[in-house]
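Please open the model in your viewer and keep the selection panel at hand. The stops below go from the confidence of the prediction to a pair of helices and then to a single helix and its surroundings.

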Amino acid sequence: MEDPTSVLALEALASISQKQIKILAAGKKEIREAIDLHYRGNNEIEKQITHINIPTGSIDDGILATKIASYTPVVEALNMIIDAAGQARASDIHLEPEENRFRVRFRIDGELEDVFSLPLNLNRALISRIKVLASMNIAESRRPQDGQFTTSIKNRPIDVRVATTPTIYGETAVLRILDKSMALFELSDLGFLPDALAKYEKMLKIPFGMILISGPTGSGKTTTLYASVNTLDSMKRKIVTVEDPAEYRLKDITQIQVNPLAGVTFTTGLRSILRLDPDIIFIGEIRDGETAAIAVQAAQTGHTVLSSIHASDTTGVLARLADLKIEPFMIASSVVGIVSQRLVRRLCPHCQHNLEAPLPEQIAYEEETGEKRTKFLYGIGCKKCSYTGYLGRIGIYEVLTMSNTLKMMVHHQATIDEMRRQALKEGMATMLNDGMQKVQLGITTPTEVIRAAYTSSLDK
């Protein structure tokens with residue numbers, strides 16, 4: 001701070017942060033530079049956007065919205081926000097109107113961060129611009145809409161998936177940034193440990209059956225599926241996908257995009273795929289019983305089926321299929337393997353230091369690895385990681401191969417706990433264990449692993 005003697009400022013900071021304040025004296029210019037660096041220079045962008053004058057008048061709403069959407073300062077404002085998101089490595093942009101401000105947040109390495117606080121009158125202008133780009137109905141503001149457009153960040157083409165919905169303060173929008181280069185990941189780049197990778201690659205070589213990837217939204221399931229497809233021989237085998245949406249374009253692969261308005265759903269798309277003589281079928285997500293039933297039938301009739309499904313862990317996938325009314329004997333005979341995953345943040349390699357860990361983290365680590373440690377690598381924050389201590393993300397995995405014993409247990413409707421114990425007995429490493437091995441290798445922190453993977457005492 002410029003004035004270390006300012007008692008009122010120190011008291012206010014201590015009250016807000018609930019922390020003891022350590023004072024470091026610095027000049028006003030140095031502080032401003034540090035703030036700009038910490039917030040990636042976004043203060044200047046926010047200042048430029050805030051001073052935009054929105055045209056007004058008694059024009060009909062739809063016409064006014066179209067006029068505003070093509071207004072050059074509004075076009076530039078949206079471009080600046082998207083460029084800033086690309087610079088920050090953001091996966092999503094959240095545009096959120098509130099009572100007294102228009103908030104812009106970026107999701108970076110899975111965490112949301114406040115970036116801009118703009119005047120409320122910019123809300124409609126930016127939303128209108130987005131709707132024009134995404135070919136959405138610009139005059140409709142009372143119903144949710146979705147769309148997609150292509151733009152570029154630093155001369156790198158990207159797809160932007162858009163969803164808007166009305167709120168009590170105006171329309172909110174979320175822009176998902178899809179970098180096409182992400183589809184080029186190899187399985188070895190995702191974070192599989194050698195044993196888990198060997199198990200998964202062995203599954204992919206099985207000529208028929210169903211392989212399922214599970215995890216919550218944003219856990220990297222689609223990336224794993226695309227990386228899996230990239231490892232398969234598309235020259236000698238026909239690979240067909242049905243996706244909602246088709247996020248990336250894959251070479252030598254037939255991709256079908258779900259379009260409910262045209263009558264193309266996962267179910268109808270799958271039925272049409274089966275008439276295309278496929279060898280490998282990629283289903284974006286199994287969401288309902290009908291899709292699950294067709295997928296199981298395809299797996300039993302000589303096809304390799306890859307898909308994602310929402311479940312908390314590998315054995316939970318088997319229970320999920322049962323909830324979708326798939327008969328136990330069908331599950332047992334079609335599923336060849338399951339991968340459950342989460343994403344954790346990678347340690348920043350530029351600012352990591354050995355620090356004393358909290359006792360719960362020491363205990364969790366020792367239980368999983370059998371190694372007693374009190375200090376671990378933690379990122380203290382630097383310019384390259386925007387002072388978060390983390391840079392990028394990596395997967396932690398639980399890979400289940402369906403053994404004959406597990407198939408019999410599914411057939412006889414054993415409980416999830418019984419099947420999980422059997423899987424662990426057969427050598428399956430849990431996500432918590434996989435994560436702690438990555439802590440051992442200095443890839444991430446115990447904090448991240450516990451946050452992402454600690455689900456039940458059964459995992460211990």
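Colour the chain by pLDDT to begin: this is a predicted model, with a mean pLDDT of 86 over the chain and 92% of the residues at 70 or more. Among the elements of the chain, select strand E7 (residues 209–214) for the highest mean pLDDT, 96, and then helix H2 (residues 28–38) for the lowest, 65. Residues 456–460 come next, where the pLDDT is below 50, although this stretch has eleven contacts in the model beyond near neighbours in sequence. Where pLDDT is low, the predicted coordinates should not be read in detail.

Now select helix H13 (residues 359–369) together with helix H17 (residues 446–453), whose axes come within 10 Å and cross at roughly 75°. Because angles of 65 to 115 degrees count as roughly perpendicular, H13 is described as roughly perpendicular to H17. Show the side chains of Pro360, Glu361 and Ala364 on H13 and of Pro446, Thr447 and Ile450 on H17, since these residues make the contact; by class, they divide into four nonpolar, one polar and one charged.

Move on to helix H15 (residues 416–425), and ask which of its residues are buried. They include Met419, Arg420, Gln422 and Ala423, and, when you look down the axis of H15, the buried residues fall within an arc of 160°, so they line one face of the helix. To see what covers them, add helix H11 (314–323), strand E15 (390–401) and helix H14 (404–411), which are included in that cover. End at Gly427, just after H15, which takes a positive phi of about 105°.

Methods:
Residues are numbered from 1 along each chain as its sequence is written. This is a predicted model: local features need pLDDT of at least 70, side-chain atom pairs count only at pLDDT 80 or more; totals for chains, interfaces and linings use all residues. Side-chain values use heavy atoms; hydrogens and water are left out. pLDDT is the predictor's confidence in each residue, from 0 to 100. Helices (H or I, at least four residues) and strands (E, at least two) are DSSP runs, numbered from the N terminus. Contact means heavy atoms within 4.5 Å. Axes are lines fitted to C-alpha atoms, for helices over the stretch in contact, and angles run from 0 to 180 degrees between N-to-C directions. Angles under 35 degrees count as roughly parallel, over 145 as roughly antiparallel, 65 to 115 as roughly perpendicular and the rest as oblique. Ala, Val, Leu, Ile, Met, Phe, Trp, Tyr, Cys and Pro count as nonpolar, Asp, Glu, Lys and Arg as charged, and the others, Gly among them, as polar. Buried means under 20% relative accessible area, exposed over 50%, partly exposed in between (1.4 Å probe, protein chains only). The arc is that of the directions from the helix axis to the C-beta atoms.
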